[in-house]
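Trainee: Could you give me a close look at one part of this structure, starting from a single residue and working outwards? I would like to see how its surroundings connect to the rest of the chain.

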Amino acid sequence: MMSGLYEALRGALEKQRGAALATVVQGPNNIGAKLLLLPGQAPQGNLGSESLNQQVVPLAEQATWSGISATHTLTLPQGDYEVFIEGYAPPPTLIIVGAGHIAIPLTTFAKTLNYRVIVVDARAAFATPERFPHADELIVEWPDEALEKLDLNPSTAIAVLTHDPKFDEPTLKVVLAHKVGYVGAIGSRKTGAERAERLKQEGLSEEQVQRIHGPIGLNIGASSPEEIALAIMAEIVATRHGKTLTA
């Protein structure tokens with residue numbers, strides 16, 4: 001059983017999917033028992049108590065995306081348990097929707113920070129290898145259709161730079177149906193407010209539209225495409241590390 005867990009963990013790490021491994025390190029019994037959590041799958045293994053498993057699963061889910069390893073003290077009727085949870089976060093991914101001028105330096109900044117970068121644009125003349133030599137993937141397709149097929153998870157950041165309701169609103173509807181790490185959309189406060197109202201009329205909740213960072217990027221007085229890209233990347237990093245900075 002234990003070797004099966006390690007094989008499953010190794011497979012997840014090789015595919016860079018993220019994982020968390022919980023081990024009982026102290027308690028009344030079951031020392032050394034393990035539970036493996038892989039995204040989108042039922043937990044594997046057993047810590048010896050269903051109640052303990054249930055308490056550990058949400059902590060393991062957090063560790064999967066944060067990559068943080070820590071020991072947690074959990075209390076059951078039979079006593080306290082210390083469970084060490086190792087988090088293995090997948091590499092962060094930035095999906096840029098809209099292959100305009102800002103997307104080019106944004107791709108460069110993101111790659112410097114070790115993000116995997118996917119650029120999506122329905123316009124073949126814009127999403128080209130010549131314009132985006134550093135991008136890991138270029139997708140020439142309607143963004144909402146492309147995003148439906150991508151793995152959107154808490155390690156994913158999405159920057160919507162299309163500035164066109166017929167592109168950005170269907171994109172945001174897809175993105176906000178998932179637990180992604182960051183969603184930003186270009187446009188003024190007025191544009192963002194009007195877009196939010198339209199999205200709510202189409203069925204999105206207030207909580208969902210509140211997740212959109214707009215105007216996108218930190219307020220650093222940016223004006224050039226490079227400065228705007230820097231502001232966007234800074235906001236993505238701040239959000240990833242739990243810093244609630246506002247524009």
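**His-213 and its surroundings**

Mentor: Happily! Leaving aside neighbours within four places in sequence, His-213 is in contact with Tyr-182, Val-183, Gly-184, Ala-185, Glu-235 and Thr-239, where contact means heavy atoms within 4.5 Å. Before we go on, please keep in mind that this is a predicted model, in which local features need pLDDT of at least 70 and side-chain atom pairs count only at pLDDT 80 or more, while totals for chains, interfaces and linings use all residues. Residues are numbered from 1 along each chain as its sequence is written, and side-chain values use heavy atoms, with hydrogens and water left out.

His-213 itself lies in strand 11; strands (E, at least two residues) and helices (H or I, at least four) are DSSP runs, numbered from the N terminus. His-213 counts as partly exposed because its relative accessibility is 23%, and the cut-offs are under 20% for buried and over 50% for exposed, with partly exposed in between (1.4 Å probe, protein chains only). Thr-191 is 22 residues away from His-213 in sequence, and their C-alpha atoms are 12 Å apart in space.

Now for the sheet around this residue. Six strands form an open sheet, in the order 8-7-6-9-10-11 and with parallel pairing; two strands pair if DSSP finds at least two bridges between them. Strand 8 (137-139) and strand 11 have a single partner strand each, so they stand at the edges with one side left without a neighbour in the sheet. Further along the order, five bridges link strand 6 and strand 9 in the parallel sense, and one of these pairs joins Ile-95 to Ile-158 in strand 9.

The contacts with Glu-235 and Thr-239 lead us to helix 8, which runs over residues 225-240. What span should we expect for this helix? The rule is 1.5 Å times one less than the number of residues, so the 16 residues of helix 8 should span 22 Å, and the end C-alpha atoms are indeed 22 Å apart. Glu-235 is buried in helix 8, as are Ala-229, Ala-231, Ile-232, Met-233, Ile-236 and Ala-238. An α-helix has 3.6 residues a turn, so residues three or four places apart point the same way. The cover over the buried residues of helix 8 includes strand 11 (212-213), strand 10 (182-185), strand 9 (156-160), strand 6 (93-97) and helix 3 (103-112). Just after helix 8 comes Gly-242, with a positive phi of about 75 degrees.

Another glutamate is worth a look. Glu-169 is found in helix 5 (residues 165-175) and counts as buried because its relative accessible area is 7%. Beyond its neighbours within four places in sequence, Glu-169 is in contact with Arg-195, Arg-198, Leu-199 and Glu-202.

Elsewhere, an open sheet of five strands follows the order 3-2-1-5-4 with antiparallel pairing. Strand 3 (44-45) and strand 4 are its edge strands, each pairing on one side only. Strand 1 (residues 19-26) is mostly covered, with six of its eight residues buried. Four bridges join strand 1 to strand 2 (residues 34-37), and seven join strand 1 to strand 5. Ala-22 has Leu-35 as its bridge partner in strand 2 and stands opposite Ile-85 in strand 5. Strand 5 (residues 79-88) also runs antiparallel to strand 4 (residues 70-76), with seven bridges between them. A hairpin joins strand 4 to strand 5 through two residues, and Leu-76 stands opposite Gly-79 in strand 5.

To set all this in the whole chain: there are eight helices and eleven strands, and 42% of the 247 residues count as buried. The C-alpha atoms fill a box of roughly 60 × 35 × 30 Å along the principal axes. Of the contacts with a separation of 6 or more, 57% are between residues 24 or more positions apart.
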